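Subject: Model for you to look at

Hello,

Here is the model I promised to pass on. Please open it alongside this note.

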Amino acid sequence: VQREGAFSEYFTMPLERLYNGQGIPPEALALIEPFCISYHGVSRAKIGPGDKVLVVGAGAIGILAAVAARSFGARAYITDVAPDKVALAVKEFGLDGGFVNDSPQALDQFLADTTGGDGFDLTVEAVGAPSTFLDCVRAAASRGQMVVIGVAKHSVDFNFLELQRKELSVFGSRGATKADFQATMELVRMGFVDLTRLISRTY
């Protein structure tokens with residue numbers, strides 16, 4: 001990811017960093033890398049069938065984090081401040097639900113309706129903002145997990161006693177591995193997800 005030159009006519013790359021596209025159409029292959037980022041983050045937490053996951057942020061990374069959670073058998077929910085993004089995520093990617101995060105009351109109500117107020121087994125921060133980080137802490141269940149994928153530009157000041165009180169496990173996530181590339185390509189190849197639904201424009 002730190003190597004320059006990918007927009008050049010020619011560039012060099014170690015052979016082990018090249019992956020067989022397995023016949024996946026180029027449009028979908030172009031989206032494997034962001035899918036890998038999301039998949040890697042979610043895989044850092046140990047989740048499975050029956051677990052409830054809340055992804056905060058319905059951009060491409062957030063939507064694909066919810067898809068990754070579904071691939072592990074979890075029930076995936078998503079939230080964002082933009083109603084159209086939430087609607088797209090739920091409708092086009094088969095998520096279990098979502099809500100517009102336009103107030104603290106909206107989050108509290110969704111927690112009550114979806115988890116009985118117990119919180120989510122895993123929360124995923126996919127925005128990189130102080131407020132969404134705090135939302136993830138707040139929405140996590142006792143002894144729950146939290147993964148931070150969003151790239152922060154500002155610091156957050158919060159009472160970290162909440163991490164201790166809930167006994168939260170917090171994971172940072174950056175980049176992806178070869179295993180993540182292979183796993184996400186297999187999910188696409190077998191038809192688990194149609195990544196091309198994320199394409200808004202083609203140049």
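Below is what I found, starting with the sheet and moving on to the helices.

First, a caution: this is a predicted model.

The sheet is open and has six strands, ordered β3-β2-β1-β4-β5-β6. Pairing is parallel. β3 (97-100) and β6 (169-172) form the edges, each pairing on one side only. Neighbouring strands are turned by 20° against each other on average, direction ignored.

Take one pair in detail. β4 (residues 120-125) runs parallel to β5 (residues 140-148), and five bridges join them. Here Leu122 stands opposite Gln145 of β5.

Two helices to check against the sheet:

- α3 (residues 60-71) packs on the sheet and touches β1 (52-56), β2 (75-80) and β4. Its direction makes about 170° with that of β2.
- α5 (residues 104-115) lies across β1, β2, β3 and β4. It runs at about 160° to β3.

Next, how do α2 and α3 pack? The angle between α2 (residues 32-44) and α3 is about 55°, and their axes are 8 Å apart. Roughly parallel would need an angle under 35 degrees, and roughly perpendicular 65 to 115. The two helices are therefore oblique to each other. The crossing of α2 past α3 is right-handed.

On the α2 side, the contact residues include Pro34, Phe35, Tyr39 and Val42. On the α3 side, they include Ile61, Leu64, Val67 and Ser71. By class, this contact has 12 nonpolar residues, two polar and no charged ones.

Best wishes

Note on methods
Residues are numbered from 1 along each chain as its sequence is written. This is a predicted model: local features need pLDDT of at least 70, side-chain atom pairs count only at pLDDT 80 or more; totals for chains, interfaces and linings use all residues. Side-chain values use heavy atoms; hydrogens and water are left out. Two strands pair if DSSP finds at least two bridges between them. Helices (H or I, at least four residues) and strands (E, at least two) are DSSP runs, numbered from the N terminus. Axes are lines fitted to C-alpha atoms, for helices over the stretch in contact, and angles run from 0 to 180 degrees between N-to-C directions. Contact means heavy atoms within 4.5 Å. Angles under 35 degrees count as roughly parallel, over 145 as roughly antiparallel, 65 to 115 as roughly perpendicular and the rest as oblique. A crossing is left-handed if the near helix is turned anticlockwise from the far one by less than a right angle, and right-handed if clockwise. Ala, Val, Leu, Ile, Met, Phe, Trp, Tyr, Cys and Pro count as nonpolar, Asp, Glu, Lys and Arg as charged, and the others, Gly among them, as polar.
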